[in-house]
Amino acid sequence: MTDPLPPGSTVGILGGGQLGRMLAMAAARLGLKTHIFEPGPAPAADVAHRWTQAPYDDDAALDAFAADCDVITFEFENIPAKALDRLAGAKPIFPRPNALEVSQDRLTEKRFLMEQGLSTAPFAPIDGPVDLPEALAATGLPAILKTRRFGYDGKGQARVTDMDGAGAALAELNGAPAIAEGVVPFLSEISVIAARGQDGQVAVYDPGENVHVGGILFTTTVPAALPARRRTDAVLIASRILTALDYVGVMGVELFVTPTALIVNEIAPRVHNSGHWTQAGCAVDQFEQHIRAVAGWPLGDGTRYADVVMENLIGDDVARALTAAADPHIQVHLYGKAEARPGRKMGHLNRITGPAP
Ligand code: AMP
């Protein structure tokens, strides 16, 4: 464990999107500086102290970035391993890279979850068309083919109902290593946002219920419609995952709720879109919680004080922001992105629907 970072220290953030932006704002509230590393456009850089705009294979830029930071974290999972290794040789990185190794590859992730005794969808690896019959026999049909790496927001996925369709769908993945997953007949999708400090302390937020449209998160509602026992189980599952990884920081754990089980869909070793409700529902939101964890500060406790519905503003939805701002129960967040392209997350609304009981 490192000593708590004093105010004025610098937290490096790999990735400059909206998650990095909200992390930078939370860090600033705690008197910490942030340095964004982002090759492309960086909404986070608008609110950070410094921005390195360089590719992840620019060793000189990585070294200069590391030299300026006291600790390094990240806002997305697909950081090239070489860059991560180089940075890890220079400064502490939290969450530790082992969490990325697990979450970057769906097969490794599923195997890790099984080792923890947790339920997953039935799955099987697919390295080429010859593997399809055996894989689909293991998962059953319908199934979902997913690339093992670099999938997000439902990208790199295809639902298949028969062997011919599966062959065609696999061809669409252009030979990328894949897995097949059995389709889980879920009642609902929930996620748990959990944090672990450098001292091993764990703080978990209430599960939120998620609705996706076109593979992209549309709304998160807290409390999730779940019996109390299930809520506790979801929290315990998240705690188990964090502890097994000796994790430091905030993680999003996505689960399917079926009549008989909670099934882990995937883990995201970072702050998560389905945790944005904490900005209006909790004293310490997920962004501050993450900064506290990586900076070695004590965690907030995660108690929820309000019922909240978080709604993403995607593409042209952003036009609704001003009307929403006139509603006294709505907190408006815009990410400062210039162009409202379809499918692009432009902001979100947190609607407070009541005090927590
Ligand atoms: P993912 O990228 O794995 O989170 O998948 C995106 C969305 O696709 C999930 O939030 C679910 O709505 C759906 N989905 C993914 N995997 C499964 C599955 N095995 N069974 C049913 N629905 C799934």
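Biologist: In what sense do strand β1 and strand β2 pair, and over how many bridges?
Modeller: Strand β1, residues 10–14, and strand β2, residues 33–37, are paired in the parallel sense, with five bridges between them. Please bear in mind that this is a predicted model.

Biologist: Which residue does G12 stand opposite?
Modeller: G12 faces H35 across the pairing, in β2.

Biologist: What sheet do these strands form, and in what order?
Modeller: It is an open sheet of four strands, ordered β3-β2-β1-β4, and the pairing is parallel. The edges are taken by β3 (50–52) and β4 (71–74), each of which pairs on one side only. On average, neighbouring strands in this sheet are turned by 25° against each other, with direction ignored.

Biologist: What holds strands together in a sheet, in general terms?
Modeller: Strands of a sheet pair through backbone hydrogen bonds, and the pairing may be parallel or antiparallel.

Biologist: Which domains does the assignment give?
Modeller: The domain assignment gives domain 1 (10–93), domain 2 (122–182) and domain 3 (188–355). Between domain 1 and domain 2, the C-alpha centres are 34 Å apart.

Biologist: I would like to turn to the other open sheet. What is its strand order?
Modeller: The order is β5-β8-β6-β7, four strands with antiparallel pairing.

Biologist: Why is one side of β5 and of β7 left without a neighbour in the sheet?
Modeller: β5 (123–126) and β7 stand at the edges and each has a single partner strand, so each has one side without a neighbour in the sheet. Neighbouring strands here are turned by 25° against each other on average, again with direction ignored.

Biologist: How many bridges are there between β6 and β8, and which residue is opposite A143?
Modeller: β6 and β8 are paired over five bridges, in the antiparallel sense. A143 stands opposite G182, which is in β8.

Biologist: Let us move to the ligand. Which atom of G182 lies 3.0 Å from a nitrogen atom of the ligand?
Modeller: A backbone N or O atom of G182 lies at that distance, 3.0 Å, from the ligand nitrogen. Two side chains also make polar contacts: a polar side-chain atom of R106 is 3.1 Å from an oxygen atom of the ligand, and a polar side-chain atom of N265 is 3.0 Å from an oxygen atom of the ligand.

Biologist: How much of the ligand's accessible area does the protein cover?
Modeller: The ligand on its own has 470 Å² of accessible area, and the protein covers 91% of that.

Biologist: Which elements give two or more residues to the shell around the ligand?
Modeller: These elements are β6 (143–147), β7 (157–160), β8 (178–182), β13 (249–257) and β14 (262–268). In terms of domains, the shell draws at least three residues from each of domain 2 (122–182) and domain 3 (188–355).

Biologist: How many residues surround the ligand, and which are the closest?
Modeller: There are 17 residues around the ligand, and the closest are K146, Q157, V184, E189 and E266. Sorted by class, the shell holds six nonpolar, four polar and seven charged residues.

Biologist: You mentioned E189. Which residue stands opposite E189?
Modeller: That residue is N210, in β11. Strand β9 (residues 188–196) and strand β11 (residues 208–213) run antiparallel and are joined by three bridges.

Biologist: Where does N210 meet β12?
Modeller: N210 stands opposite T220 in β12. Five bridges join β11 to strand β12, residues 216–222, and the two run antiparallel. These strands make a hairpin with two residues between them, in which G214 takes a positive phi near 60°.

Biologist: Which other residue has a positive phi although it is not a glycine?
Modeller: N174 has a positive phi of about 55° and is not a glycine. Its place is the loop between α7 (163–172) and β8.

Biologist: Finally, the prolines. Is the peptide bond from F94 to P95 cis or trans?
Modeller: The bond from F94 to P95 is cis, with omega near -10°. P95 sits in the loop between α3 (81–88) and α4 (97–104).

Biologist: What about the peptide bond from L141 to P142?
Modeller: The bond from L141 to P142 is cis, and its omega is near 0°. P142 belongs to the loop between α6 (132–139) and β6.

Conventions: Residues numbered from 1 in each chain as written. Predicted model: local features only at pLDDT ≥ 70, side-chain atom pairs only at ≥ 80, totals over all residues. Heavy atoms only, no water. Near = heavy atom within 4 Å. Polar contact = N/O pair within 3.5 Å; in protein donor to acceptor, adjacent residues only side chain to side chain. Areas by Shrake-Rupley, 256 points an atom, 1.4 Å probe, with all protein chains shown as cover. Nonpolar A, V, L, I, M, F, W, Y, C, P; charged D, E, K, R; others polar. Domains from an automatic or database assignment. Pairing = 2+ DSSP bridges. Axes fitted to C-alpha atoms, helices over the stretch in contact; angles between N-to-C directions.
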